[in-house]
Amino acid sequence: MPVAIRLKRFGRKKRPFYRVIVANTKDPRQGVSIDDIGYYDPLTEPAQIQINEEKALKWLNNGAQPTDTVKSLLSKAGILKKFHEENQSKKV
């Protein structure tokens with residue numbers, strides 16, 4: 001079962017609010033999610049990004065693939081850097 005870390009849209013028209021979720025890649029965007037790991041609010045200045053680092057690292061280590069947008073959010077939160085550092089330390 002391929003798993004992805006992606007965004008699930010909430011909010012009303014022209015007022016988006018997103019949750020960062022872990023879901024099966026074959027499920028629809030608004031479908032069932034396996035786990036909620038955070039949220040993203042693009043309308044605030046600066047945009048709010050709140051991601052549970054422990055859960056995100058767990059899912060990345062288990063093979064979940066983030067979408068391009070989520071990858072940039074994880075990068076801004078510093079989680080991807082920690083993930084890559086952990087992988088480098090395991091190789092050495």
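This note sets out numbered points on the fold, the aromatic pairs, one helix and one loop residue of a predicted model.

1. Overall architecture. The protein contains three helices and five strands. Read from the N terminus, the order of its elements is β-β-β-β-α-β-α-α. Of the contacts with a separation of 6 or more, 30% join residues that are 24 or more positions apart.

2. Dimensions. The C-alpha trace spans about 50 × 35 × 20 Å along the principal axes of the protein. For 92 residues, a compact globule would have a radius of gyration near 12 Å, and the 14 Å of this protein agrees with that expectation.

3. Burial and surface. Of the 92 residues, 34% are buried. The protein exposes about 6200 Å², and carbon and sulfur atoms supply 49% of this area.

4. Aromatic pairs: Phe 17 and Tyr 39. Two aromatic pairs emerge from a search of the whole structure. In one of them, the ring centres of Phe 17 and Tyr 39 are 5.7 Å apart and the planes stand at 20 degrees; since planes under 30 degrees apart count as stacked, this pair is stacked. Phe 17 belongs to strand 2 (residues 17–24) and Tyr 39 to strand 3 (residues 35–41), so the pair ties together parts that are 22 residues apart in sequence. Both partners are partly exposed, Phe 17 with a relative accessible area of 27% and Tyr 39 with one of 30%.

5. Aromatic pairs: Tyr 18 and Tyr 40. The rings of Tyr 18 and Tyr 40 have centres 6.1 Å apart and planes at 20 degrees, so this pair is stacked. Tyr 18 lies in strand 2 and Tyr 40 in strand 3, and the pair therefore ties together parts that are 22 residues apart in sequence. Tyr 40 has a relative accessibility of 17%; because the limit for a buried residue is under 20%, Tyr 40 counts as buried.

6. A charge over a ring. A further contact of an aromatic ring concerns Phe 10. The charged end of Arg 19 sits over the ring of Phe 10, at 4.4 Å from the ring centre. Phe 10 falls within strand 1 (3–10), while Arg 19 falls within strand 2 (residues 17–24).

7. The two sides of helix 2. Helix 2 comprises residues 68–77, and Val 70, Leu 73 and Leu 74 are buried within this helix. These three residues cover an arc of only 100 degrees around the axis, which puts them on the same side of helix 2. On the other side of the helix, Asp 68 and Lys 76 are exposed.

8. The end of helix 2. The residue that follows helix 2 is Gly 78. The phi of Gly 78 is positive, near 85 degrees.

9. Lys 14 in its loop. Lys 14 is placed in the loop between strand 1 (3–10) and strand 2. With a relative accessibility of 70%, Lys 14 counts as exposed, because the limit for that class is over 50%. When its neighbours within four places in sequence are left aside, Lys 14 is in contact with Arg 9 and Leu 43.

10. Lys 14 relative to helix 2. Lys 14 and Asp 68 are 54 residues apart in sequence, and their C-alpha atoms are 22 Å apart in space. Asp 68 is one of the exposed residues of helix 2, and Lys 14 is likewise exposed.

Definitions and conventions: Residues are numbered from 1 along each chain as its sequence is written. This is a predicted model: local features need pLDDT of at least 70, side-chain atom pairs count only at pLDDT 80 or more; totals for chains, interfaces and linings use all residues. Side-chain values use heavy atoms; hydrogens and water are left out. Rings of Phe, Tyr and Trp (its six-membered ring) pair if their centres lie within 6.5 Å; planes under 30 degrees apart count as stacked, over 60 as edge-to-face and the rest as tilted. Helices (H or I, at least four residues) and strands (E, at least two) are DSSP runs, numbered from the N terminus. Buried means under 20% relative accessible area, exposed over 50%, partly exposed in between (1.4 Å probe, protein chains only). A charge sits over a ring if NZ of Lys or CZ of Arg is within 6 Å of the ring centre and within 35 degrees of the ring normal. The arc is that of the directions from the helix axis to the C-beta atoms. The radius of gyration is taken over C-alpha atoms; the globule rule is 2.2 Å times the number of residues to the power 0.38. Contact means heavy atoms within 4.5 Å. Accessible areas come from the Shrake-Rupley method with a 1.4 Å probe; for residues, only the protein chains shown count as cover.
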